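Let's take a walk through this structure together, going from helix packing to a few odd backbone spots and then to the cysteines. Keep the viewer open as you read.

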Amino acid sequence: MAAAKWEGVFPAVTTKFKSNEDLDHDAMERHFAFQIDSGVHALLTCGSLGEASTLSFDEKLAVTQTALRVAAGRVPVLVNVSETRTLNACRFVEKAHEMGVQGLMVMPSVLYAADAREAKENLRTIADAARLPIMVYNNPVTYKVDLTPEDFQDLADCEWIVAIKESSDNVRRITDLRNAVGHRYQLFMGVDDLSFEGLAVGADGLLAGLVVAFPKETVALYKLMKAKRWDEALKLYQWFMPLMHLDVSTKLVQNLKLVETLAGVGNENVRRPRQPLQGAERERVSAIVNQALATRPDLSRLF
C-alpha cells in the first residue's frame with residue numbers, strides 16, 4: 001500500500017523566472033527555503049500557479065529537482081502532472097520517481113474534457129506507471145472534468161491514490177466525500193477563500209495559493225482550525241479573505257506574483273503570453289496587499 005498520510009499546508013509554489021523568461025533557480029531556492037522555514041508541510045511544484053503550461057518536460061523536472069535539493073527530506077516534495085497525453089504523463093512520472101519525489105498531484109488532461117470513465121482510466125494508468133502516492137486534482141470549474149464522490153468510491157481500490165484536492169468551489173463536497181468514502185483519502189481544500197469552511201467540516205489540509213507570500217499566516221490558520229480555536233481562526237481568516245480572493249481568478253499567477261513582490265518575497269516575472277498587471281488591475285491588487293500588510297496580525301500573540 002502507498003505509505004503516505006498527507007496533512008497540513010501544501011503551497012502550490014510559483015516558478016521563478018529571470019527577466020528574459022529563463023528559469024531562476026537561485027530565486028526558487030530562496031523561496032522554497034522561505035516556505036519550509038515558515039512551517040509549511042510540503043512543496044507542490046509546477047501546478048497551475050507554477051505556470052506548468054509554459055514549462056517544458058525537462059524544465060518541470062529541473063524545477064522539481066531544485067525543490068528536492070532545498071527540502072533535503074525536511075518536507076515531502078510533490079510535482080504536478082499536467083501532460084495532455086496519457087503516455088507523456090507516464091513518461092513524466094517515471095522520471096519524477098527516479099528523481100526521488102515523494103508524491104504527485106495529477107490534473108486531468110487540460111485540452112480535453114474527459115468523461116468520468118476516461119478520467120478514471122487515465123488516473124489508474126498514471127498511478128501504475130508512477131507507483132507513487134497521488135493526490136487527484138478535482139477542479140471542474142476550470143478543467144471541466146468532475147469526479148464525484150461516487151467516482152472516488154470506484155477508485156478506492158487503486159492503492160496509489162491517497163488524497164484529493166477538492167476545487168469544485170462547493171464546500172459541501174468535503175462532507176459528501178467523507179460520507180461516501182470515509183477516511184480512505186486525505187482531503188485537501190484547493191480553493192483559498194474556502195479554507196476556513198473546508199477545514200471546519202473536516203478537510204485534512206490546504207493546497208494553497210496565497211501561502212506563497214504569507215506562509216506563516218496560512219499555517220497559523222490551519223493550526224487554529226485544527227485546535228478548534230474558531231474565534232481566533234475566524235478573525236485571521238477575515239483579515240486574509242481579500243488576499244485569498246486574488247487566487248480565484250484567471251489572472252491568479254499575475255495577482256500572486258504581484259503579492260509576492262509587494263510582500264518582499266518574489267518578483268513579477270512571468271512567461272508570455274502572461275504579462276504583469278497594469279493600470280486599474282494593478283492598482284486594485286496593490287491596494288489590497290498594502291492594506292493587508294498595514295494590518296498584518298501579530299501571530300506571536302496566538303502561539
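Start with helix α1 (residues 25–37) and helix α2 (residues 57–71): their axes come within 9 Å and cross at roughly 45 degrees. What you're looking at is a predicted model, so local features need pLDDT of at least 70 and side-chain atom pairs count only at pLDDT 80 or more, while totals for chains, interfaces and linings use all residues. Residues are numbered from 1 along each chain as its sequence is written, and side-chain values use heavy atoms, with hydrogens and water left out.

That crossing makes α1 oblique to α2. On the angle scale, under 35 degrees is roughly parallel, over 145 roughly antiparallel, 65 to 115 roughly perpendicular, and the rest oblique. The axes themselves are lines fitted to C-alpha atoms, for helices over the stretch in contact, and the angles run from 0 to 180 degrees between N-to-C directions. Helices here are DSSP runs of H or I with at least four residues, strands are runs of E with at least two, and both are numbered from the N terminus.

The way α1 passes α2 is right-handed, meaning that the near helix is turned clockwise from the far one by less than a right angle; anticlockwise would be left-handed. Which residues do the touching between α1 and α2? On the α1 side they are His25, Met28, Glu29, Phe32, Ala33 and Ile36, and they meet Ala62, Val63, Thr66, Ala67, Arg69, Val70 and Ala71 in α2. Sorted by class, this contact of α1 with α2 has nine nonpolar, two polar and two charged residues. Contact means heavy atoms within 4.5 Å. For the classes, Ala, Val, Leu, Ile, Met, Phe, Trp, Tyr, Cys and Pro are nonpolar, Asp, Glu, Lys and Arg are charged, and the others, Gly among them, are polar.

Now follow α2 to its other partner here, helix α3 (residues 86–99). These two pack at an angle of about 25 degrees, with their axes 11 Å apart, and α2 and α3 are therefore roughly parallel to each other. The crossing of α2 past α3 is right-handed. From α2, the contact uses Phe57, Lys60, Leu61, Thr64, Gln65 and Leu68, and from α3 it uses Asn88, Arg91, Phe92, Lys95, Ala96 and Met99. By class, that contact of α2 with α3 comes to six nonpolar, three polar and three charged residues.

Further along the chain, helix α10 (residues 230–245) and α12 have axes that come within 9 Å and cross at roughly 155 degrees. That makes α10 roughly antiparallel to α12, and the crossing of α10 and α12 is left-handed. Here Trp239, Pro242 and Leu243 in α10 meet Ile288, Val289 and Ala292 in α12. The split for the contact of α10 with α12 is six nonpolar, no polar and no charged residues.

Next, the loops. Between α11 (252–262) and α12 (279–294) sits Pro273, and the peptide bond leading into it from Arg272 is cis, with omega near 20 degrees. Back in the loop between β1 (8–11) and α1 you'll find Lys18. Is Lys18 buried, partly exposed or exposed? Lys18 counts as partly exposed, at 42% relative accessibility; buried means under 20% relative accessible area, exposed over 50%, and partly exposed in between (1.4 Å probe, protein chains only). Setting aside neighbours within four places in sequence, Lys18 is in contact with Leu23, Asp24 and Asn269.

Glu21 lies in the loop between β1 and α1, and its phi is near 80 degrees, a positive value in a residue other than glycine. Glu21 counts as buried at 17% relative accessibility. Cys46, in the loop between β2 (43–45) and α2, has a positive phi of about 60 degrees although it is not a glycine. Cys46 is buried, with a relative accessible area of 1%.

That brings us to the cysteines. How many disulfides does a search of the whole structure find? Zero, where a disulfide is a pair of cysteine sulfur atoms within 2.5 Å. Take Cys90: the closest cysteine sulfur to its own is in Cys158, 12 Å off, too far for a bond. Cys90 is buried at 10% relative accessibility, and Cys158 is buried at 9%.
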